[in-house]
Each structure stands twice: as structure tokens, then as C-alpha cells.
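Please find below my notes on this model, set out as numbered points for a colleague who will work with the coordinates.

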Amino acid sequence: MIDIHCHILSGLDDGSKDLNESLDLARAAVHEGIKTIIATPHHKNGRYENNKQTILQKVDELNQTLISEGIPLTILPGQEPRIYGEVLEDYEKGEILTLNNANQFLFIELPSGHVPRYTEKLLFDIQMSGLTPIIVHPERNQELIEQPDLLYQFVKKGALTQITASSIAGSFGKKIKKFSLQLIDANLTHFVSSDAHNLSKRSFKMAEAYEEIEKKYGVDYAYMFKENAELVVQGKNVYKEIPTRIKTKKILGIF
Ligand SMILES: [Fe+2]
């Protein structure tokens with residue numbers, strides 16, 4: 001199993017605090033059946049800035065330690081930039097890191113409370129520059145929960161999305177779990193990954209999430225999500241089904 005979103009690198013953000021914690025996270029990942037992790041430190045989220053070079057170096061260091069500790073896990077480089085107007089300019093400057101540095105898939109984090117008005121234009125511009133944007137954890141964005149049609153429009157126009165395993169497992173509450181499952185139902189998401197920060201409150205939950213997905217949607221769905229993570233690592237096109245609209249409560253209320 002491949003986890004494409006994880007804060008396993010130490011001392012860069014609100015994820016792992018030190019090398020020991022990174023090794024504990026690594027052991028827990030292996031225990032869940034994860035063999036590869038794309039490390040995705042926060043960038044420009046108002047608290048943390050981690051540019052490409054910093055991350056590449058830190059990934060090398062952690063891989064060396066994993067080898068010397070005999071932990072069978074490979075770390076690949078990535079980044080989780082918060083949406084901002086100059087992200088493409090900074091990509092051109094070499095500060096922004098695509099997933100596995102393959103110049104194909106770019107994570108975009110929205111603020112938790114709203115969707116900036118320029119999001120659609122930026123997602124378009126990212127695609128025009130030859131990259132595919134992946135909106136991370138849309139299920140935890142308040143405006144998208146209230147207006148899922150916004151996400152439908154983004155996906156219809158070519159953006160991909162990633163939901164967090166612990167959202168499916170129910171760690172963020174019933175409302176977020178329900179919305180996560182609605183996103184899967186409506187073909188509005190393409191990846192499941194951990195966004196693990198630590199082993200206490202923000203752990204992997206990948207095995208649990210996949211168990212739930214297999215139970216509800218069958219093994220084919222679980223296979224598609226797992227395969228998509230592999231394709232991202234390889235920088236290849238991923239599987240996607242035709243997105244549909246999520247019915248909001250108001251519409252359901254008519255019946
Ligand atoms: Fe994250």
C-alpha cells in the first residue's frame with residue numbers, strides 16, 4: 001500500500017516532532033501494510049514554509065535512517081501547499097514540489113472554512129501549465145460540505161481530490177464521515193491517504209478505511225484507490241469515473 005499524504009518528516013511542521021517520532025510513525029505504517037509514503041510537509045499555510053530543497057534533503061536523511069534501522073519503508077518527496085495566488089510562479093522558481101517530484105501531480109490545500117473565489121481559475125491555470133491539481137481533504141472544508149456542487153465543478157473540470165483515511169474511519173465525526181462516503185458515491189474523489197501527523201490523534205487509519213470501503217463499495221473500489229496511489233508515484237494518469245452531483249439536504253427535503 002502507498003500513502004501519498006503524510007507528515008512523517010520531523011521538525012518541519014505540526015507533524016512528527018523528532019526523528020524518534022518519525023521512526024515510530026514509520027513502524028506503524030509498515031504494520032498497516034504501507035510500503036511507500038510520499039512525505040508532504042505543509043507549505044505557506046500561514047504557519048509553515050518548507051520549500052522543495054528542504055524537503056528533498058530531509059527525505060534523503062530519513063531514508064538513510066530507515067535503512068540503517070532496518071525498517072522496510074521508502075519515503076518519497078512531496079509537499080502540501082496551501083492555495084495562494086503565486087503558487088505557479090513559485091513552481092517555476094523551483095520552490096514547489098510535485099508528488100514524487102515527477103512534475104505531474106500538485107497537492108492543493110484549501111483553507112478549512114471556505115473556498116477562495118480564485119480557486120477555479122487557479123485550478124485551471126495549474127492544468128494549463130501541464131500539472132494535475134489534487135485538492136486534499138475536501139471533506140473537511142466547511143464551504144464544500146455546504147455546497148458540494150463547487151467540488152463537482154472542480155472535478156468536472158479536471159481536478160482530482162484526496163480524502164483522508166481517518167475521515168472514512170469516523171475520527172473527524174459523523175458529518176465528515178458521511179460527506180466522505182458521499183464523495184466516493186458521486187465519483188468525486190480519487191485517492192485515500194492518511195494525512196498522518198502523529199500516532200495519538202492523527203494516525204494512519206488506512207487499513208480501517210480500506211476495510212470500510214471494501215465493505216461498502218466492494219474490492220474494486222479499494223483496488224482503484226490503491227492503484228491510483230501507485231500511478232501518482234509513477235507520474236501516470238489515474239483512474240477516474242464520471243463525477244455526479246451530490247444531492248443536498250434541501251433537494252432531499254422536497255421528497
Ligand atoms: Fe496534510
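**Notes on the model**

1. Asp195 is buried, with a relative accessible area of 2% (buried means under 20% relative accessible area, exposed over 50%, and partly exposed in between, with a 1.4 Å probe and protein chains only). Asp195 sits in the loop between strand E9 (191-193) and helix H9 (206-217), where helices (H or I, at least four residues) and strands (E, at least two) are DSSP runs numbered from the N terminus. Although Asp195 is not a glycine, its phi is positive, at about 50 degrees.

2. The model is predicted, so local features need pLDDT of at least 70 and side-chain atom pairs count only at pLDDT 80 or more, whereas totals for chains, interfaces and linings use all residues. Residues are numbered from 1 along each chain as its sequence is written, and side-chain values use heavy atoms, with hydrogens and water left out.

3. Asp195 (OD) is also one of the protein donors of the iron ion, together with His5 (NE2), His7 (NE2) and Glu80 (OE), at 2.1 to 2.2 Å from the ion; donors are N, O and S atoms within 2.8 Å of the metal (3.2 Å for Na, K and Ca), and sites may look incomplete because water is not among the atoms. Along the chain, the donors follow the spacing H-x1-H-x72-E-x114-D. Because His5 lies in strand E1 (residues 2-6) and Glu80 in strand E5 (residues 80-81), this pair ties together parts that are 75 residues apart in sequence. Both His5 and Glu80 are buried.

4. The four donor atoms subtend angles of 83 to 170 degrees around the iron ion, which makes the arrangement irregular. For four donors, tetrahedral requires all angles between 85 and 135 degrees, while square planar (and octahedral for six) requires opposite donors over 155 degrees apart and all others between 65 and 115; anything else is irregular.

5. A second residue to check in the loop between E9 and H9 is Lys205, a residue other than glycine with a positive phi near 55 degrees. Lys205 counts as partly exposed, at 27% relative accessibility.

6. Pro243 is found in the loop between helix H10 (219-234) and helix H11 (249-254), and is buried with a relative accessible area of 15%. Leaving aside residues up to four places away in sequence, Pro243 touches Tyr152, Val155, Lys156, Ala186, Asn187 and Leu188, contact meaning heavy atoms within 4.5 Å. The C-alpha atoms of Pro243 and Ser16 are separated by 35 Å, with these positions 227 residues apart along the chain.
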